[in-house]
Amino acid sequence: MSRFVDCGRDQAFLLPPDLRDWVPEDDLAHFVIEAVERVDLGAFKVNRRGSGSAQYHPRMMLALLIYCYANGIFSSRRIERASRRDLGVRFVAANNHPDHDTIASFRRENLGAVTESFLQVLLLAKELKLVKVGVVSVDGSKFDANASKHRSVRYDRAGELIEQLRLEIAALMERAEAADASAAEDPQALPEEIARREALCARLDAARRRLEAQAKARAEAERAAYEAKVAARAGRKGRAKGKRPKPPEGTPRGDEQSNLSDPDSRLMRKSKRHEYRQAYNAQAVVDAGGSQLIVGARVSTCASDRNELVADIGEIAADLGRPETVLADNGYANGAAAAALVDRGALGDSKHIFLVRDGDGQDAPSFGNEREDLSAFQF
């Protein structure tokens, strides 16, 4: 006859449970709790008057954020759910269950203090050999902006709308003059209508100026590469010269867009199977050697990860050391960026950059000039 382990879900605890018995001794939760106990809380916002409802202790909230971020749980709603479902999170939260609004407000109100405390915890982890920054993993994730993609306007369309709005404003001004003269219409309504159009016109003007400034900055950044191509072409003879390099354009293309609600965000999509959304590209650098702690983070407004590798590795605090191996997906495949990391000494002595795909790599990268030599990476 088959025998089964008893599965009585109605059995009550005979003794009060101790959460520490449910969390393995080598779990990161123990380190995070002890590390946060050594953090100075002077910079955190605390209700010192004692009025109103009792607040969660900032040490508990800080430990909760650091532990969840180290385990890849970033959303405040997911952290709230994890405080009930995840034993490690429940232990760090001391069996408390702060709601997502409280978690988000704590992070928002103490952003600078949380960032500095996170660095202190990382430095403690480094001293205890928990973080070696030998192998790091880099990846990006798209996060929706607080703006609709339908509030984006193209550069050429913005110019057309500005001209149309100026004509409408002029017509409204004439109507306002006529209304004042005849007193047949409500004189209060027309100025509001004019103001709405003038405000929209101003926002469209600002959007065009942003796009023009971005185009100018892009042209300045590309000028050195353009001049190098021109010099290289001048050194060749006959047909070997090839086509004349196209100079960088200092004016925006007609299809370049700017969002009127959140001009810093961009239209992005997670993959070819997803729709375009108004979003940001959040980059994270994680210690892949075992601790899974985030050692660097930044937000990019570029949809592609291709040019993000240098800036991502630069976010690692100097006190944590230099990584020897970087793991990334093939969206980061950019020979020039990898070479720049090696030239600047941003990597350790071994200088490995591996792209996650099947195949073999080489010990030291080498890069082609005319095209990306992807044999330099491990696929």
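This briefing walks through a few spots in the structure, mostly around its early helices. Keep in mind that what you're looking at is a predicted model. The protein's secondary structure adds up to ten helices and eight strands. Of its 379 residues, 34% are buried. If you take contacts between residues at least 6 apart in sequence, 66% of them join residues at least 24 apart.

**Helix H1**

- H1 covers residues 28-36, and its buried residues are Leu28, Ala29, Phe31, Val32, Ala35 and Val36.
- These residues sit on the same side of H1, because they take up an arc of only 165° around the axis.
- A bit of background helps here: an α-helix has 3.6 residues a turn, so residues three or four places apart point the same way.
- The cover over the buried residues of H1 includes helix H2 (58-70), helix H4 (87-92) and helix H6 (111-127).
- Have a look at the start of H1 too: a side-chain oxygen of Asp27 comes to within 2.8 Å of the backbone nitrogen of Ala29.

**Where H2 meets H6**

- Two packed helices are described by the angle between their axes and the distance between the axes.
- For H2 and H6, that angle is about 65°, and the axes are 11 Å apart.
- The crossing of H2 past H6 is right-handed.
- On the H2 side you'll find Leu62, Leu65, Ile66 and Tyr69, and they meet Val114, Ser117, Phe118 and Val121 of H6.
- Sort the residues of this contact by type and you get seven nonpolar, one polar and no charged.
- Ser117 in H6 is the polar one, since Ser isn't among the residue types that count as nonpolar or charged.

**Two histidines to find**

- His57 lies in the loop that runs between H1 and H2.
- With 46% relative accessibility, His57 counts as partly exposed, because that class runs between the 20% and 50% cut-offs.
- Although His57 and Ala93 are 36 residues apart along the chain, their C-alpha atoms are separated by 9.9 Å.
- His100 belongs to helix H5, which takes in residues 100-109.
- His100 has a relative accessibility of 19%, so it counts as buried, the cut-off being under 20%.
- Setting aside neighbours within four places in sequence, His100 touches Ser76, Arg77 and Glu80.

Conventions
Residues numbered from 1 in each chain as written. Predicted model: local features only at pLDDT ≥ 70, side-chain atom pairs only at ≥ 80, totals over all residues. Heavy atoms only, no water. Buried < 20%, exposed > 50% of the residue type's maximum accessible area, 1.4 Å probe, protein only. Helix = DSSP H or I, 4+ residues; strand = E, 2+ residues; numbered from the N terminus. Arc of directions from axis to C-beta. Contact = heavy atoms within 4.5 Å. Polar contact = N/O pair within 3.5 Å; in protein donor to acceptor, adjacent residues only side chain to side chain. Axes fitted to C-alpha atoms, helices over the stretch in contact; angles between N-to-C directions. Left-handed = near helix turned anticlockwise from the far one by under 90°.
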